[in-house]
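This note comments on the charged side-chain pairs of the structure shown below. The points are numbered for ease of reply.

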Amino acid sequence: MGRGKIEVKRIENKTSRQVTFSKRRAGLLKKTHELSILCDAQIGLIIFSTKGKLFEYTTQPHSMGEIISKYLQTTGASIPVHDHRVEQYDEITKMKRDTLNLQLSLQRYKGDDLNLAQYDELNELEKQLENSVNKIRARKLELLQQQMENLKRTEKMLEKENQDMCQWLMKYEMYKQQPAAVMEQQQQQQEEEEAAITELNLLGEQPLLAQFSFFGDQHHQLGVGGGSTSNSSAYHLQPFHPNLHLPPTTYD
């Protein structure tokens, strides 16, 4: 059975259309290349896909420009060249006119060149100036409020820093006073010790042993005083040195 005739129409399925385009493009380029080699023909093939992608083939060693130029010479056709000079001139003229109008408006806003202005123009200019002044004052007031809020926040931050600094200074002063109190107490103890040492030195200037009586002195006082004892000899020193030991005394 022979192949059925395929109806040539646009493929609606996008995927199928893309696959068919890729296959048939490759086949067309292959056939063009074969025709160019077999028949020694100069061929220029240009293909644009639905997305605007360009595919081309030219017979070597020619270029697409050479083939197009040969085509134009052969057919006598020409590629139309669009002249943009008229459009550019019109655009420049319009820009000059707008610039002049802006300069005149600025002069009138400054109060210059008002001799040729009509009453309606002056009235409209006054309204525009009043609106501009109102907008400027509103913006100025808004900026002042923002500055006031920023200053208040800065003031609070400085107050907090000042309080923290005061607390730190109080703690530092307390820390400094504690060692001072300790040093004062130590100095007072040192003064008391020095006073005690001075008092002992003063007492050491007198014969210390004269204030106490030994056993021999006690008996001597008993013999002289007729048997009476004195309260001043209530304390006796016992010599412990080996050379100070006296032989025992015998009393009849």
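1. Arg-139 and Glu-142 both belong to helix 4, which spans residues 119–204. The two are three residues apart, about one turn of the helix. The model is a predicted one, and in it Arg-139 forms a salt bridge with Glu-142, with 3.4 Å between the closest N and O atoms.

2. As to solvent exposure in this pair, Arg-139 is partly exposed, its relative accessible area being 43%. Glu-142 likewise counts as partly exposed, at 38% relative accessibility.

3. Helix 4 also holds Asp-164 and Lys-160, four residues apart and thus separated by about one helical turn. Their side chains meet in a salt bridge, at 3.4 Å from N to O.

4. Which exposure class does each partner of this second pair fall into? Asp-164 has a relative accessible area of 39% and is partly exposed, whereas Lys-160, with 53%, is exposed. Lys-160 is placed in the exposed class because that class begins over 50% relative accessible area.

5. A further salt bridge joins the side chains of Glu-12 and Arg-10, with an N to O distance of 3.4 Å. Glu-12 is exposed, with 62% relative accessible area, and Arg-10 is also exposed, at 55% relative accessibility.

6. How many salt bridges does the structure hold? The count is three. They comprise the pair Arg-139 and Glu-142, the pair Asp-164 and Lys-160, and the pair Glu-12 and Arg-10.

Notes: Residues are numbered from 1 along each chain as its sequence is written. This is a predicted model: local features need pLDDT of at least 70, side-chain atom pairs count only at pLDDT 80 or more; totals for chains, interfaces and linings use all residues. Side-chain values use heavy atoms; hydrogens and water are left out. A salt bridge is a side-chain nitrogen of Lys or Arg within 4 Å of a carboxyl oxygen of Asp or Glu. Buried means under 20% relative accessible area, exposed over 50%, partly exposed in between (1.4 Å probe, protein chains only).
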